[in-house]
Amino acid sequence: MTRYVKPLSELGMHDVEIVGGKNSSLGEMISNLNDLGVTVPGGFATTAEAYRDFLAQGGLADRINAVLDDLDVDNIDDLRKAGSQIRSWIIDTELSEELMRDVKTAFEEMSGGADIAVAVRSSATAEDLPDASFAGQQETFLNVRGLDNVIEALHLVFASLFNDRAIAYRVHQGFDHAQVALSAGVQLMVRSDIGSSGVMFTLDTESGFRDAVFITSSYGLGETVVQGAVNPDEFYIYKPALANGNHPILRKNLGGKAIKMVYSDDKAAGKTVDTVDVDEADSLRFSITDEDVIELARMAVTIEKHYERPMDIEWGKDGNDGKLYILQARPETVQSRSGRSIQRFTLKGRSDVISSGRSIGQKIGRGKARVINDVSEMNRVAAGDVLVSDMTDPDWEPVMKRAAAIVTNRGGRTCHAAIIARELGIPAVVGCGDATHEISDGAEVTVSCAEGDEGFIYAGLLDFEETQIELDGLPELPVKIMMNVGNPDRAFDFASIPNRGVGLARLEFIINRMIGVHPQALLEYDKQAPDVKQAIDEQMAGYNEPVSFFVEKLAEGVASIAAAFAPEPVIVRMSDFKSNEYANLIGGDRYEPDEENPMLGFRGAARYVSDDFRPCFDLECAAIKRVRNDMGLKNVQVMIPFVRTVEQGKDVIDILETNGLKRGEDGLKVVMMSELPTNALLADQYLDHFDGMSIGSNDMTQLALGLDRDSALIADIFDERDDAVLALLKLTIDACKARGKYVGICGQGPSDHPDLARWLLDQGIESMSLNPDTVVQTWLFLAGESV
């Protein structure tokens, strides 16, 4: 150890002023977490003193400060000119003999005379702080071999403190240029070029949900993921399940993974890495195994526990030894700082979807599209424009803050551009694939990130509503306010709204959104026509075989909702597709009848007890059993829809038990929908077999008044507040209360009609399950406050 060079193994978090945030964090993990299963490659770091002494040569620091003192970083041309001038001064200034001697000694000790490959990374004394990430602001050099190349890379790292993006970012974050020094970290390379790599966060990056680890992964070196050049695989892991020894993987999304970065063979050209295409067969598989995902999540939780804050972590899997390594760890800087209020954005209309991708930020932005081909065109972006590009890069940070929204062809949720967009509070849709082709330069567009994992670019300037919810200001109510949640993508977000659980999670929504194939077509995959098989293969890419694909994906959807709201109950309604809706699924037209009125036909419990559909229902049961037993989410309860007779209800209970879902066992409750007049009139008999009832006010109104709720001709008569409907609702409520059983309502009525919600409250209903966007308004109405 010298004043200019320190081994990583002898550093810790107290050394930020000496070697910067990144290198001090590496040392902290090597010193404290190795015995806990967190493996970090070793190396050494140059010190801030070495950097400052370098800048003291020939008055270099004074010249730099003189340029920066008068610089307007929002003037892109001036910024580019100033950055180029400063970097050329640094490159032209030789490193001192003392620094080169110390680096030579450290490198020779590190290599032991072998031809090793190292990464040379920047580590600024102001970066990786809890309130500013400095993500991607300075340079990284990979697969660097030999002392001369290490010293050259170190020199370039010094210069990168004055990249255009780094200069602008420091100004925007309020950091004094002269107070920031740079350390270069020299670290052994992990052979992820022949393995995999990625980024993980110890919370959900979009909602701030703290009980999840979010992992991205792709083939090759991690720069493609970090830079946003590739659409990676995504994994969500549930921390409590990880701690309890249950299966913790909540959800998996297969990414495109079209390219990967590998070591270059072109030594003559001085290249150290190349970007190559990924074989199609590999792109259709997940880039890491479930076992890798779980091990990475364990490392992430260990790191988070040590640092006592949410973390942003880069990792690599070595293709030679098969081991997983942690390459960097920094504090997460956006969601961990959010307060006790929620901003919610809601579109007031829709138009044609021009493109779609992964959503960043849960907001909505609109403006004129500016299709930018490279960094030289950045000055075309005016305040309020929508920035559209193939991929963004930290170089774009100076203009990103001007944009109303950002849209890219490539990239994932953990790339540098996504991190910066979150810090700036700008909605972004990344990984669209075709955005620069489909969106015309100058066209007016609306970018919505407020509809779940998928973000949409709509034609035109659409109206939207923004509301602020103060979470600490809602009064207590004598009724449980639950939510209707059918989209697992929004579950973490919705769970931040005050609630007592989920009163209605529709399986058919999950099947339609995450599976898209008729279950019978999966059970009889070998009998399908070639075109249907091809469509099924595309849907189930990354999964082993058709039947397990259905069970696993359905379980993922249910588990995502259950984990988000745990320990509050999540009532999952078994599928209630009508025959025409089932027929629209891939392969469905082969198995579904052509009914005159599907609303009153082959649906709900009648399907479950039929010989034709029973095998499909068994798959649904297997998914629920997997969520409750394998993943440990015992807060999941089951609801049976459209039960026409008491005997039919009893038969369904028997089928559930046959499938390992025995009512009362392990706390399992089975409730039924009260949505037919028979359910209300014979409620006491039905309750002999069920643990309660949840009122479906839409179907109850339709059947009480003899209406087709899909017919516009009689829409003016359809009213859930009709006296006949209220009489049936009261029968249901009174019967459940008399038996001491659960009674709630999950229909649209309370969301649409606050006065109906008030009437239900007066009847003593136990819970109301509302659409998430109406929870706060209805809550305040029931509390007697003005809305």
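**Notebook: the sheet and helix α1**

I looked first at one cross-strand pair and noted that Val120 stands opposite Phe141 in β4. The model I am reading is a predicted one.

I then looked up the strand that pairs with β4. Strand β3, residues 118–124, is joined to β4 by three bridges, and the two run antiparallel.

Next I traced the whole sheet. I recorded an open sheet of five strands, in the order β1-β2-β5-β3-β4, with antiparallel pairing. At its edges I found β1 (5–7) and β4 (140–144), each of which pairs on one side only. I also noted the turn between neighbouring strands of this sheet, which is 20° on average with direction ignored.

I turned to what lies against the sheet. Helix α1 lies across β1, β2 (43–46), β3 and β5 (182–188). Its direction relative to β3 is about 130°.

I then asked how α1 is placed against another helix, α11. For such a pair I note both the angle between the axes and the distance between them, since these describe two packed helices. The axes of α1 (residues 16–32) and α11 (residues 290–307) come within 12 Å and cross at roughly 105°. I therefore entered α1 as roughly perpendicular to α11, as crossing angles of 65 to 115 degrees count as such.

Which residues meet there? On the α1 side I listed Ser25, Glu28, Met29 and Asn32; on the α11 side I listed Ile303, His306 and Tyr307. By character, the residues of this contact between α1 and α11 divide into three nonpolar, three polar and one charged.

Key. Residues are numbered from 1 along each chain as its sequence is written. This is a predicted model: local features need pLDDT of at least 70, side-chain atom pairs count only at pLDDT 80 or more; totals for chains, interfaces and linings use all residues. Side-chain values use heavy atoms; hydrogens and water are left out. Axes are lines fitted to C-alpha atoms, for helices over the stretch in contact, and angles run from 0 to 180 degrees between N-to-C directions. Helices (H or I, at least four residues) and strands (E, at least two) are DSSP runs, numbered from the N terminus. Angles under 35 degrees count as roughly parallel, over 145 as roughly antiparallel, 65 to 115 as roughly perpendicular and the rest as oblique. Contact means heavy atoms within 4.5 Å. Ala, Val, Leu, Ile, Met, Phe, Trp, Tyr, Cys and Pro count as nonpolar, Asp, Glu, Lys and Arg as charged, and the others, Gly among them, as polar. Two strands pair if DSSP finds at least two bridges between them.
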